[in-house]
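Hi there,

Here is the structure I promised to pass on. Have a look at it first, and then read my notes underneath.

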Amino acid sequence: MSHAFHSSDASALRPSACPGLLRIVHALDGGICRVKLAGGKLSATQALAIAGAIDEHASGIVDITNRANLQLRGVKHGHEDALIAALLDAGLGPQNTQHAFADDVRNVMISPAAGRDASALFDTTALTADLLTLLQSDTRFVALSPKFSLMLDGGERLMMLDHPHDIWFSAMPHHERSAPLFAFGLAGCPPVAAEHESALVAVTASDLATFTRALIHTFLDLATPDDTRIRDLLAKHSIESIIRHAERKSGVQALRDVSIERWRREPADASRRLGAYRQNDGQRWHVGAQPALGRINSAVLRGLAELTQDNERATLRMTPWQSVLLTDIDPANLDATLRKLEALGLATSSQNPLTRVIACTGSTGCAKSQADTKADALKLAAHVPEHTQVHLSGCPRSCAAAHRAPYTLLAVANGRYDLYQTHDPREPNGFGRCIARGLTIDEAADVLQASALPPTDEPFDA
Ligand code: SF4
């Protein structure tokens with residue numbers, strides 16, 4: 001089957017600087033095509049299709065993003081439509097390609113271990129599919145920013161909790177109910193610590209999709225053309241008035257009680273993105289591995305597809321730590337799977353210094369970058385002390401991290417960085433406190449070794 005969708009169609013219908021599958025945006029190293037994956041999942045067939053397509057139509061390089069999507073880099077001029085057709089043929093596009101907006105709005109973040117995590121309170125798989133269908137089918141959502149995003153947290157141990165979302169839901173136990181409720185909030189993250197903002201209200205799983213639809217309609221009812229995200233709306237409307245508007249629209253009565261206000265989400269454990277962990281069936285395992293700086297090439301993608309095919313029930317998922325997770329590995333295949341991931345050049349343990357750094361595209365691909373952040377990060381990695389995590393950013397936009405790393409090196413000139421430090425991944429003030437200016441990478445390594453934060457069990461949250 002071939003699809004006659006042209007990259008110019010999406011750009012004309014929805015002008016935006018944000019790349020999408022249907023809207024290839026130009027960068028220094030060629031076009032960028034962003035492929036949004038439902039729940040981060042990629043079938044082996046799709047991985048092979050992408051590997052073939054990027055060899056033919058792009059640079060053969062793929063970045064895993066901090067939203068667990070894929071960014072294909074270096075799309076060749078004149079190859080855009082052929083690349084789009086190959087991706088659509090592999091079932092990687094939106095449900096309805098006639099709706100250009102449907103590609104943009106597919107932003108639902110879930111745990112990469114959804115449906116497999118032994119600690120989860122709720123399997124979010126089916127609900128995620130409902131939300132994705134809802135987002136792509138309501139033509140009023142054409143007005144949403146491509147960055148408008150939802151989070152659906154099933155209470156998994158492996159869950160990215162520090163990326164703010166326009167709307168977040170998080171499974172919580174409730175003393176009066178056998179099934180968990182979903183605590184809910186706007187323009188933020190689920191509360192983990194006492195000082196975090198409490199959940200507002202809660203809804204049942206069966207009301208969640210209806211309530212979400214009403215919330216987004218409420219946003220669109222109240223937003224002015226300048227309000228692109230829910231945080232913009234909150235500057236003019238109280239949270240309570242937004243919730244009441246959504247309740248009236250949906251007929252859903254959200255639940256309010258003191259236990260919801262007091263609820264704090266169990267801390268997640270990002271270290272479970274690396275190595276092997278037993279799944280909720282008590283039998284099979286999920287295995288995680290990290291490519292250096294979240295970047296893989298077509299050969300690695302083919303290797304991951306083969307690994308998925310080697311394990312009868314396995315699924316391949318991308319994670320918001322810019323890493324990969326293979327689920328449903330039989331115990332008999334566990335060692336071989338770990339060895340193959342290492343042979344593909346992926347780190348399966350935090351002992352590998354490459355798990356301690358992330359970097360944005362940098363000056364080889366982005367005109368805004370002051371430095372070659374990726375090359376500098378590779379240079380720095382071997383000198384980063386254990387338990388220290390560093391983010392190198394070419395400019396303040398922080399494309400590689402949607403939260404704050406313990407240390408950020410912000411490029412100020414080629415090979416020169418200001419160093420920032422914070423203890424709070426939800427740091428409200430930029431990258432935190434500036435502790436040194438204009439460092440070379442060698443100088444940064446010395447400062448990091450001298451001032452490393454105390455060891456933490458929380459590895460890097462890219
Ligand atoms: S953080 Fe800045 S320099 Fe780096 S990729 Fe994003 S826009 Fe470019």
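Below is what turned up, starting with the overall layout.

Please keep in mind that this is a predicted model. The chain is divided into domain 1 (7–95), domain 2 (121–154 + 161–262), domain 3 (273–348) and domain 4 (354–451). The centres of domain 2 and domain 3, taken over C-alpha atoms, are 32 Å apart.

There is one cavity of 30 Å³ or more, with a volume of about 110 Å³. Its lining consists of 16 residues, and Gly40, Arg67, Ala68, Val108 and Met109 lie nearest the centre. By class, the lining has eight nonpolar, six polar and two charged residues. Domain 1 and domain 3 each supply at least three residues to it.

Around the ligand you will find 11 residues' worth of contacts to browse, among them Cys360, Cys366, Cys395 and Cys399, along with Lys368 and Arg397. That shell has four nonpolar, five polar and two charged residues.

Now the salt bridges, 24 by count. Arg23 pairs with Asp104, with the closest N and O atoms 2.9 Å apart. Arg23 sits in the loop between α1 and β1 and Asp104 in helix α4, so the pair ties together parts that are 81 residues apart in sequence. Both partners are buried: Arg23 has a relative accessible area of 4% and Asp104 one of 2%.

Another salt bridge joins Arg157 and Asp269 (3.3 Å, N to O). These two lie in loops, and the pair ties together parts 112 residues apart in sequence. Here Arg157 is partly exposed at 31%, while Asp269 is buried at 16%. Finally, Arg116, Asp281, Arg284 and Asp328 are linked in a network.

Best wishes

Note on methods. Residues are numbered from 1 along each chain as its sequence is written. This is a predicted model: local features need pLDDT of at least 70, side-chain atom pairs count only at pLDDT 80 or more; totals for chains, interfaces and linings use all residues. Side-chain values use heavy atoms; hydrogens and water are left out. On a 1 Å grid over the protein atoms alone, a cavity is a set of points where a 1.4 Å probe fits but cannot get out, and a pocket is an open set with protein on both sides within 12 Å along at least five of seven lines; lining residues have an atom within 4 Å of a point. Grid points are joined across faces, edges and corners, and a volume is the space filled by probe spheres set on the points. Ala, Val, Leu, Ile, Met, Phe, Trp, Tyr, Cys and Pro count as nonpolar, Asp, Glu, Lys and Arg as charged, and the others, Gly among them, as polar. Domain bounds come from an automatic or database domain assignment. A residue is near a molecule or strand if one of its heavy atoms lies within 4 Å of it. A salt bridge is a side-chain nitrogen of Lys or Arg within 4 Å of a carboxyl oxygen of Asp or Glu. Helices (H or I, at least four residues) and strands (E, at least two) are DSSP runs, numbered from the N terminus. Buried means under 20% relative accessible area, exposed over 50%, partly exposed in between (1.4 Å probe, protein chains only).
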